[in-house]
Amino acid sequence: MWKRANSSPIHKKETNSGFKQLDSTVNQLVHIVHSIYQSHDSYKDVCSVFLDISKAFDRVYHKGLIFKLKQNGISGNLLKLLESYLENRFHRVVINGVSSEWEKIESGLPQGSILGPLLFLIYINDIIDDIVSNIYIFADDTSLMQFINPLNIQGTFDTINSDLQRLHAWSIQWRVDFNALKSS
């Protein structure tokens, strides 16, 4: 079924700048560019992959999020409150005054909410598990970076490809899609 979330609160290879006070995409970009320049100063090349999660907030699977909340120690009344916040939501489409039928929503977080970003971070927090490359996250954007070992170039590419396979398996398990058009 689902694997247990990583119990370690700090992952030394990961930098997550999304939805954090006093942090921003600029900090994330400065960190990545600095790492690239450090590599070039050491006469090493860098292999990077940039990924974007499609419709990130819309893809948060409620049952999966509840599972991850429990794995992170959320229980009792707080868990019940969060379950209540997510369940029994419905939506419909209205075009030119014509409405569709109401449909139950089983995934997605309310956009513009205060809880949405926090719940999203909890949902994607375990994306870093088992990743060997340096991984950087900003909201729904994820990047992998490997410094190329000139004595083992193929090993570097094998590591990146293995990490991409792990991310693909994670995305299937948690019903998340990476946007191929925005990934490079």
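Me: In what order do the elements of the protein run from the N terminus on?

Reply: Happy to start there. This is a predicted model, and its elements run β-α-β-α-α-β-β-β-β-α-β-β-α. That makes five helices and eight strands.

Me: How many residues does the protein have, and what share of them is buried?

Reply: The protein has 184 residues, and 37% of them are buried. As for the surface, about 11,500 Å² is exposed, with carbon and sulfur atoms supplying 55% of it.

Me: Why is Asp-163 called buried?

Reply: Buried means under 20% relative accessible area. Asp-163 has a relative accessible area of 0%, so the residue counts as buried. Asp-163 is found in helix α5, which spans residues 153-173. Leaving out residues up to four places away in sequence, Asp-163 touches Asp-130, Ile-131, Val-132, Ser-133 and Leu-144.

Me: What makes the pairing of Arg-166 and Asp-163 a salt bridge?

Reply: The cut-off is a side-chain nitrogen of Lys or Arg within 4 Å of a carboxyl oxygen of Asp or Glu. For Arg-166 and Asp-163 the N to O distance is 2.7 Å, and their side chains meet in a salt bridge. Both residues lie in helix α5, three residues apart, about one turn of the helix. The two partners also fall into separate burial classes: Arg-166 is partly exposed at 34% relative accessibility, while Asp-163 is buried at 0%.

Me: How many salt bridges does the structure hold, and why can such side chains pair at all?

Reply: The structure holds three salt bridges. Side chains of opposite charge can pair when their charged atoms come close.

Me: How do you know that Asp-177 forms a salt bridge with Arg-59, and what does the pair tie together?

Reply: The limit is 4 Å, and the closest N and O atoms of Asp-177 and Arg-59 are 3.1 Å apart, which fits a salt bridge. Asp-177 lies in the segment after α5 and Arg-59 in the loop between β2 (46-52) and α2 (62-71), so the pair ties together parts that are 118 residues apart in sequence.

Me: Why are Asp-177 and Arg-59 called partly exposed?

Reply: Partly exposed covers the range between under 20% and over 50% relative accessible area. Asp-177, at 38%, belongs in that class, and so does Arg-59, with 29%.

Me: What makes the link between Asp-126 and Lys-68 a salt bridge?

Reply: Again the test is 4 Å; the closest N and O atoms of Asp-126 and Lys-68 are 2.8 Å apart, and the two form a salt bridge. The pair links distant parts of the chain, with Asp-126 in the loop between α4 (115-124) and β7 (134-138), and Lys-68 in helix α2, 58 residues apart.

Me: Are Asp-126 and Lys-68 buried or exposed?

Reply: With the limit for buried at under 20%, Asp-126 is buried at 6% and Lys-68 is buried at 2%. Apart from neighbours within four places in sequence, Lys-68 is in contact with Ile-122, Tyr-123, Asp-126, Trp-170 and Trp-174.

Me: Why is α2 described as largely enclosed by the rest of the structure?

Reply: Seven of its ten residues are buried, so α2 is largely enclosed. Those buried in α2 are His-62, Gly-64, Leu-65, Ile-66, Phe-67, Lys-68 and Leu-69. Their cover includes α3, β6 (103-105), α4 and α5. Just after α2, Gly-73 takes a positive phi of about 90 degrees.

Me: How do you know that the buried residues of α3 line one face of the helix?

Reply: The buried residues of α3 are Leu-79, Leu-82 and Leu-86. Seen down the helix axis, they fall within an arc of 65 degrees, so they line one face. On the other side of α3, Asn-77, Lys-80 and Leu-81 are exposed. The cover over the buried residues of α3 includes α2, β3 (89-91) and α4.

Me: Which residues have the most contacts inside the largest nonpolar core?

Reply: That core has 32 residues, and those with the most contacts inside it are Leu-65, Leu-69, Leu-109, Phe-120, Tyr-123, Ile-124 and Leu-144. At least two core residues come from each of β2, α2, α3 (76-86), α4, β7 and α5. Setting aside neighbours within four places in sequence, Ile-124 is in contact with Ile-53, Ile-137, Ala-139 and Trp-170.

Note on methods. Residues are numbered from 1 along each chain as its sequence is written. This is a predicted model: local features need pLDDT of at least 70, side-chain atom pairs count only at pLDDT 80 or more; totals for chains, interfaces and linings use all residues. Side-chain values use heavy atoms; hydrogens and water are left out. Helices (H or I, at least four residues) and strands (E, at least two) are DSSP runs, numbered from the N terminus. Buried means under 20% relative accessible area, exposed over 50%, partly exposed in between (1.4 Å probe, protein chains only). Contact means heavy atoms within 4.5 Å. Accessible areas come from the Shrake-Rupley method with a 1.4 Å probe; for residues, only the protein chains shown count as cover. A nonpolar core is a set of buried Ala, Val, Leu, Ile, Met, Phe, Trp, Tyr and Cys residues joined through side-chain atoms within 4.5 Å. The arc is that of the directions from the helix axis to the C-beta atoms.
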